[in-house]
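Got the viewer open? Let's take a walk through this one together, one selection at a time.

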Amino acid sequence: MFDFWQGTETLPLYGFIIRALIVYLYIFLIVKVLGQRSMSSIDALDFIFAVVIGDVLGEPLVDGELPMAGPVVAAAIISGLHLMLSIIALRTPRFRRIIEDEPIIIMRHGQILKEQLRKAKITVDELLMGLRQAGATDLNEVDYAILEMNGAISVIKKSQYDALTPNDMGQHPEDKGYQSVLIEDGRIVHANVKKVGNLNWLREKLAEYGVTQQDVFLMTIDETQSIYLSRK
């Protein structure tokens, strides 16, 4: 009955399906416990952890003879070690500098630093691509360019090329704040609706736009009560 857990030479197909579900849910639980982190901010420690966990938990998915207990326990120990090292890195700057790369300045006062490019192993074409992705299409506008820890290039433009802001014009518009989803694909997000009103209030807003709940693909509201609505 528990062949999927203990392993057998003739593990049936449903056993592999159960193992796949267990591994998926287990990894999902590990990620939730360790905390959320975007893919763009993964450092060396996270990369090593992902590779090792994938290797440890991947073996039972292709070899039916292997029991599940060993890989599951090993993954738990590795996750605990990773969590401990992450906490140490968070609280100890010296240790954090060991596992995380320092940002590298690759342009200073508009001049490309060739030695820094070689150190970062970045070609001119890669530099230009990174600058374009950062919104700097004209090199004459760039004051500083920095290679960040996640591999992205950030740009500080010269002051005369900064975009004009309402503050520069003596205006002080109200902050829009965070947008909350009220309706998504025709479904009401009740928790968010309660923060700004009630269902009657929502129906009144929909009536103002001449739509029903089922007609709406996305409806959001920000902290200034500004509403965005997109029909299906």
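How many bridges join strand β1 (residues 104–108) to strand β3 (residues 142–147)? Select both strands and look: the two run antiparallel, and 4 bridges hold the pair together on screen. Keep in mind as you go that this is a predicted model.

**Stop 1: around β1 and β3**

While those two strands are still highlighted, pick out isoleucine 105. Opposite that residue, in β3, stands isoleucine 146.

Now widen the selection to the whole sheet. It is an open sheet of 4 strands, and reading across it you get β2-β1-β3-β4, with antiparallel pairing. At the edges you'll find β2 (111–112) and β4 (153–157), each of which pairs on one side only. Next, add helix α7, residues 124–133, to the view. Helix α7 packs on this sheet and touches β1, β2, β3 and β4. Turn the model until you can compare directions: that of α7 makes about 65 degrees with that of β4.

**Stop 2: another sheet**

Clear everything and select β5 through β8. Here you have an open sheet of 4 strands in the order β6-β5-β7-β8, and the pairing is antiparallel. Its edge strands are β6 (187–188) and β8 (227–231), and each has a partner on one side only.

Zoom in on β5 (residues 180–184) and β7 (residues 216–221). These strands pair in the antiparallel sense over 4 bridges. For a pair to click on, try glutamate 184: leucine 218 in β7 stands opposite.

**Stop 3: threonine 224**

Follow the chain out of β7 and pause in the loop that leads to β8, where threonine 224 sits. Is this residue buried, partly exposed or exposed? Threonine 224 counts as partly exposed because its relative accessibility is 27%, which falls between the 20% and 50% cut-offs.

Show the side chains here. That of threonine 224 makes a polar contact with the side chain of aspartate 222, at 2.7 Å. Beyond the neighbours within four places in sequence, threonine 224 is in contact with Glu174, Asp175 and Lys176. Then try a distance label to threonine 212, which is 12 residues away along the chain: the C-alpha atoms of the two threonines are 23 Å apart.

**Last stop: zoom out**

Finally, colour the chain by domain. Domain 1 covers 2–96, domain 2 covers 104–161 and domain 3 covers 180–231. Taken over C-alpha atoms, the centres of domain 1 and domain 2 are separated by 37 Å.

Conventions:
Residues numbered from 1 in each chain as written. Predicted model: local features only at pLDDT ≥ 70, side-chain atom pairs only at ≥ 80, totals over all residues. Heavy atoms only, no water. Pairing = 2+ DSSP bridges. Contact = heavy atoms within 4.5 Å. Axes fitted to C-alpha atoms, helices over the stretch in contact; angles between N-to-C directions. Buried < 20%, exposed > 50% of the residue type's maximum accessible area, 1.4 Å probe, protein only. Polar contact = N/O pair within 3.5 Å; in protein donor to acceptor, adjacent residues only side chain to side chain. Domains from an automatic or database assignment.
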